[in-house]
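Trainee: I would like to learn how to read a sheet and its aromatic neighbours. Can you take me through a case?

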Amino acid sequence: MEELTDLQAHVDNAIDWIWKLLPNLVIAILLLIIGLWVVKFLNRMVRKFFERKDYDLTLETFLQSFISITLKIILFVLVVTQLGVKTSSLVAMLGAAGLAIGLALQGSLANFAGGVLILLFKPFKVGDFISAQGVDGTVKEISIFNTKLNTFGNQLAVIPNGALSNGNVINYNAEPLRRENYTVGIGYSSNIKTAKEILLKICADNEHILEEPAPEVYVGSLGDSSVNLSLRFWAKNENFWPAKFYVHEESKLRFDNAGIEIPFPQRVVHNMKN
């Protein structure tokens with residue numbers, strides 16, 4: 001009989017606790033729903049603000065990501081506080097959790113720091129074509145933890161900011177002009193002077209290859225089976241690839257027309273008879 005009385009007392013206490021918590025729980029749920037809508041609305045307003053202003057696109061994407069995460073953390077604190085958790089206890093809990101998470105997510109913190117360094121020193125920006133961590137591609141987005149690249153094949157490559165900030169990065173768009181060093185081999189019996197004139201004429205015929213700095217041709221090396229000519233020319237970044245492909249194709253066509261041999265490896269098979 002006494003056990004039933006104790007059980008009833010516990011049930012009554014639980015019901016009283018639920019009734020006391022219920023208003024705060026309802027308010028917390030409403031606060032969460034409204035808060036998520038407000039965060040989404042503010043993110044949209046921030047995005048529209050940046051669209052109206054002529055800010056660096058790299059800064060825009062980084063700040064949008066940072067603001068979104070910060071607002072969600074603030075909303076979490078408000079919801080938990082509404083449930084009756086004291087601010088001092090919450091701060092202590094967040095501090096302990098932050099330490100544990102920080103130790104567990106050292107890589108993520110390094111990526112965040114790397115994102116800040118990229119934002120400050122700007123080794124590249126959105127729209128630049130870069131080569132980093134074995135990946136070549138156009139920078140699509142720089143967030144607080146990683147950078148997204150569009151590769152030649154239109155694949156999406158995601159590279160951690162920590163690796164980018166500490167590794168080697170080649171930015172092909174950092175300078176307005178780009179130089180190509182094209183090497184082509186001709187036979188030892190071919191006329192070097194004629195071959196050089198043909199290469200310079202190819203450059204003169206292409207509108208994308210700059211006249212200044214002027215194209216240059218040198219004998220780069222004397223190979224085992226060819227005289228290797230080195231052609232150097234300059235083009236604007238946006239015209240570099242069309243100019244490069246044009247030179248490759250035209251050099252083969254014009255050398256053939258002029259009777260200039262481009263050596264290639266050959267294998268001679270001897271039939272040995274007893």
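Mentor: We will take the sheet, then the helices, then the rings. Keep in mind that this is a predicted model.

Trainee: How do I read a sheet, and what is the strand order here?

Mentor: Strands of a sheet pair through backbone hydrogen bonds, either parallel or antiparallel. Here three strands form an open sheet in the order β6-β8-β7, and the pairing is antiparallel. The edges are β6 (177–186) and β7 (216–222), each paired on one side only. From one strand to the next, the twist averages 25°.

Trainee: How many bridges join β7 to β8?

Mentor: Six, with β8 spanning residues 227–236. One bridge partner to locate is V227 in β8, which pairs with L222.

Trainee: Which helices pack on the sheet?

Mentor: Helix α6 (residues 192–205) touches β6, β7 and β8, and its direction makes about 15° with that of β8. Helix α7 (residues 240–258) touches β6 and β8, at about 20° to the direction of β6.

Trainee: And the rings: how is a pair described?

Mentor: By the distance of the centres and the angle of the planes. The count here is five aromatic pairs. F240 and W241 are edge-to-face, 5.4 Å centre to centre with 80° between the planes.

Trainee: Is F240 buried or exposed?

Mentor: Buried, because its relative accessibility is 2%. W241, at 33%, counts as partly exposed. W241 also pairs with F245: the centres are 5.7 Å apart and the planes at 35°, so this pair is tilted. Both lie in α7, four residues apart, about one turn of the helix.

Trainee: Which residues make up the aromatic cluster?

Mentor: F129, F152, Y172, F240, W241 and F245. Look also at R178, which lies over the face of F240, 4.0 Å from the ring centre.

How values were computed. Residues numbered from 1 in each chain as written. Predicted model: local features only at pLDDT ≥ 70, side-chain atom pairs only at ≥ 80, totals over all residues. Heavy atoms only, no water. Pairing = 2+ DSSP bridges. Helix = DSSP H or I, 4+ residues; strand = E, 2+ residues; numbered from the N terminus. Axes fitted to C-alpha atoms, helices over the stretch in contact; angles between N-to-C directions. Contact = heavy atoms within 4.5 Å. Phe/Tyr/Trp six-rings, centres within 6.5 Å; stacked < 30°, edge-to-face > 60°. Buried < 20%, exposed > 50% of the residue type's maximum accessible area, 1.4 Å probe, protein only. Lys NZ or Arg CZ within 6 Å of the ring centre and 35° of its normal.
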